[in-house]
Amino acid sequence: MPRNYDIAELRRLDVAHHLPAQADWKEIENLGGSRIITHAEGCYIHDGDGNRILDGMAGLWCVNVGYGREELVEVAAEQMRELPFYNTFFKTATPPTVLLADKIASLSNGRLPHVFFNSSGSEANDTVFRLVRRYWELKGEPKRQIFISRWNAYHGSTVAGVSLGGMKAMHATPGLPIPGIEHVRQPYWFNEGRDMDEEAFGTLCAQAIEERILEVGPENVAAFIGEPIQGAGGVIIPPKNYWPQVEAICRKHGILLICDEVITGFGRTGKMWGHETVGVSPDIMPMAKGLSSGYLPISATAVSAEIIEVMKTGGDFVHGFTYSGHPVSAAVALRNIEIIQREGLVEKTGNETGPYLAKALATLNDHPLVGQTRSVGLLGAVEIVADKATGARFGGAEGTAGPIVRDLCIANGLMVRGIRDSIVMCPPLVISTAQIDELVGIIRQALDEAVPRLRAIG
Ligand code: PMP
């Protein structure tokens, strides 16, 4: 049972001392503090006001096995008793760390047999950044420094992560993005390509990558990085022909292909990896979130044999973190993967709950505010529009309707995110079909309630 917290006092202390992540602290002060989440089980979280909320976001795209897994608690306690910490700096390693590296290698069917550990998705991408530049230097092509990424991509919040990402609001810090990163258009058909068919748009977006490569000179390009499905950008599912063309362009110009699987890994899209869903084979794959289902912080960067062979010619790779390969996080991640496999959560998402979510979301298409629903596996979005025919947004610009509908979802007992004017979801992979009905039912209810408010805005 949850402890008996003094919620009012916690909210006061939150305002007085705590600086929440990615937040407007003045807004939180005006609200009298953050919503305090006290406990959770299965697919539900509970807040300090006594609300039980269906967690349509799996925490922050991460709690794949759901809340309340006693065996993860036990495995952490056991590892803490035996060895709570040791590092991997001094020619040392710990049992869970090595076993987890082996496990991840086997999950990539041996194509990415080497694994570097970090604590967060951002750090996994910092590792990518340094590893790739070092690789090309050692390979005798030091000019290959440039990364190609997409606008509205999300690759983290560290200096390298935010620069690799393409969120303009996050670049609005002096000095960012750092040099050597080129951003090209994203394959967001609903917003940017509706005047053409999806395939033609997919080709156009892939071509934008090749055009940029030719502009900066292929001999200067190190890698292309992309999320197989953009998550934080708004669950953007590219046209089917996009990724295979991207891969072909990378191969043609000898450029490394990096799939950021921080959200899309571990079954989220109905296959173990998002890159399998979109039909490509990366040279490097950062992962986090579903790796431990968020029970403890851990991330990994899986790398091809070819790259590591080159890295081995260069002596020390002077990169790493105190918590690289943290034994307790690694032990929890190992058991988490065991649960995913034992319970067939990848197959369940691919064959049962993923298709069920797609069908359930499609029932919203008749709603006057819905411009499009889309999903892959258990990753979905609903686009809110003022005019179904033209796709025009409320208030004349994006970002008016999303927060309103999101807040109504939460008030009705569903945690989702509003990204611009889309409602996005990423529930735990243990969600049942009845809970998917509940999720979609609450979105419909919120949309209904939003109609008069949004029509008043126009
Ligand atoms: N890459 C992707 C694709 C992500 O979605 C995220 C986090 N949402 C990150 C990297 C950064 O992960 P973290 O917040 O753990 O640093």
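## Exercises on a predicted two-domain model

One open sheet of 4 strands runs in the order β11-β12-β15-β14, with antiparallel pairing. Strands here are DSSP runs (E, at least two residues), and helices are H or I runs of at least four, numbered from the N terminus. Two strands pair if DSSP finds at least two bridges between them.

A note before you start: this is a predicted model, where local features need pLDDT of at least 70 and side-chain atom pairs count only at pLDDT 80 or more, while totals for chains, interfaces and linings use all residues. Residues are numbered from 1 along each chain as its sequence is written.

**Exercise 1.** Find which strands stand at the edges of the sheet.

*Solution.*
- Step 1: β11 and β14 (417-419) each have a single partner strand, so one side of each lacks a neighbour in the sheet.
- Step 2: Now look at β14, which pairs with β15 in the antiparallel sense over 3 bridges.
- Step 3: Within this region, G418 stands opposite I423 in β15.

**Exercise 2.** Work out which elements supply the side of domain 1 that touches domain 2.

*Solution.*
- Step 1: Take the bounds, from an automatic or database domain assignment: domain 1 is 35-65 + 344-457, and domain 2 is 71-342.
- Step 2: Count contacts (C-beta atoms, placed from the backbone, within 7 Å): 27 residues of domain 1 meet 23 residues of domain 2.
- Step 3: α3 (58-61), α15 (345-362), β11 (370-376), β12 (379-384) and β15 (422-425) each supply at least two residues of that side of domain 1.
- Step 4: α15 gives the most, with 5 residues.

Technical notes. Two residues are in contact if their C-beta atoms, placed from the backbone, lie within 7 Å.
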